[in-house]
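Subject: Handing over a structure

Dear colleague,

I am passing on the structure below, together with an account of what was found in it. Please have it open beside you while you read.

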Amino acid sequence: MTKHTPGPWEIGGSFESTEVFAPAASRVSVARCGAEEARGGGSYRVSTEEAQANARLIAAAPDLLEAAIYAAGIFAEKWDLPARDAIAALKIAISKATGDP
């Protein structure tokens, strides 16, 4: 699986849309969160606040993935059964993010 654009990612943009950039990769655009998004041949409007919240979540993705990998690695061998369910959920999210099974 191809690796993602390295973080950290930052938010920028204009009134029409909020973009997520990777400054370490010459400020390449990683995602665009506009107030109007195309969906299934139509369009769907979100508020500017929701578009900015989506951009913040996307910008946090590299940090969240790194934290999840760290936490899963540390806690996997040290915690009891209820924590193992949480660790399993972390591993599912990590697999989804990295594309690894």
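Of the 101 residues of the protein chain, 25% count as buried, and please keep in mind throughout that this is a predicted model. The secondary structure comes to two helices and five strands, which follow one another along the sequence in the pattern β-β-β-β-β-α-α. Among contacts between residues at least 6 apart in sequence, 26% join residues at least 24 apart.

Turning to the sheet, three strands form an open arrangement in the order S1-S2-S3, and their pairing is antiparallel. Strand S1 (10-13) and S3 are the edge strands, each of them pairing on one side only, and neighbouring strands are turned against each other by 30° on average, direction ignored. Helix H1 packs on this sheet, where it touches S1, S2 and S3, and the direction of H1 makes about 150° with that of S3. Between S2 and S3 the antiparallel pairing runs over six bridges, and Ala-22 is found opposite Val-28 in S3.

Ala-22 also belongs to the largest nonpolar core, which has nine residues, the others being Trp-9, Val-20, Ala-31, Cys-33, Val-46, Ala-51, Ala-55 and Ala-59. The elements that give two or more residues to this core are strand S2 (17-22), strand S3 (28-34) and helix H1 (48-75), and the largest share, three residues, comes from H1. For one core member, Ala-31, the contacts can be listed individually: leaving aside residues up to four places away in sequence, Ala-31 touches Thr-18, Glu-19, Val-20 and Ile-58.

The remaining feature is a pocket, the second largest, in which about 200 Å³ of space lies. The lining of this second largest pocket is made by His-4, Trp-9, Leu-57, Ala-61, Pro-62, Leu-64, Leu-65, Ala-68, Leu-90, Ala-93, Ile-94 and Ala-97. H1 and helix H2 (81-98) each supply at least two residues of that lining, and H1 gives the most, with six residues. Trp-9 is thus listed both in the largest nonpolar core and in the lining of the second largest pocket, while H1 gives the largest share of the core and the most to the pocket lining.

With best regards

Methods:
Residues numbered from 1 in each chain as written. Predicted model: local features only at pLDDT ≥ 70, side-chain atom pairs only at ≥ 80, totals over all residues. Heavy atoms only, no water. Core = buried A, V, L, I, M, F, W, Y, C linked by side-chain atoms within 4.5 Å. Buried < 20%, exposed > 50% of the residue type's maximum accessible area, 1.4 Å probe, protein only. Helix = DSSP H or I, 4+ residues; strand = E, 2+ residues; numbered from the N terminus. Contact = heavy atoms within 4.5 Å. Pairing = 2+ DSSP bridges. Axes fitted to C-alpha atoms, helices over the stretch in contact; angles between N-to-C directions. 1 Å grid on protein atoms, 1.4 Å probe; cavity = no way out; pocket = protein on both sides within 12 Å on 5 of 7 lines; lining within 4 Å. Points joined across faces, edges and corners; volume = space filled by probe spheres on them.
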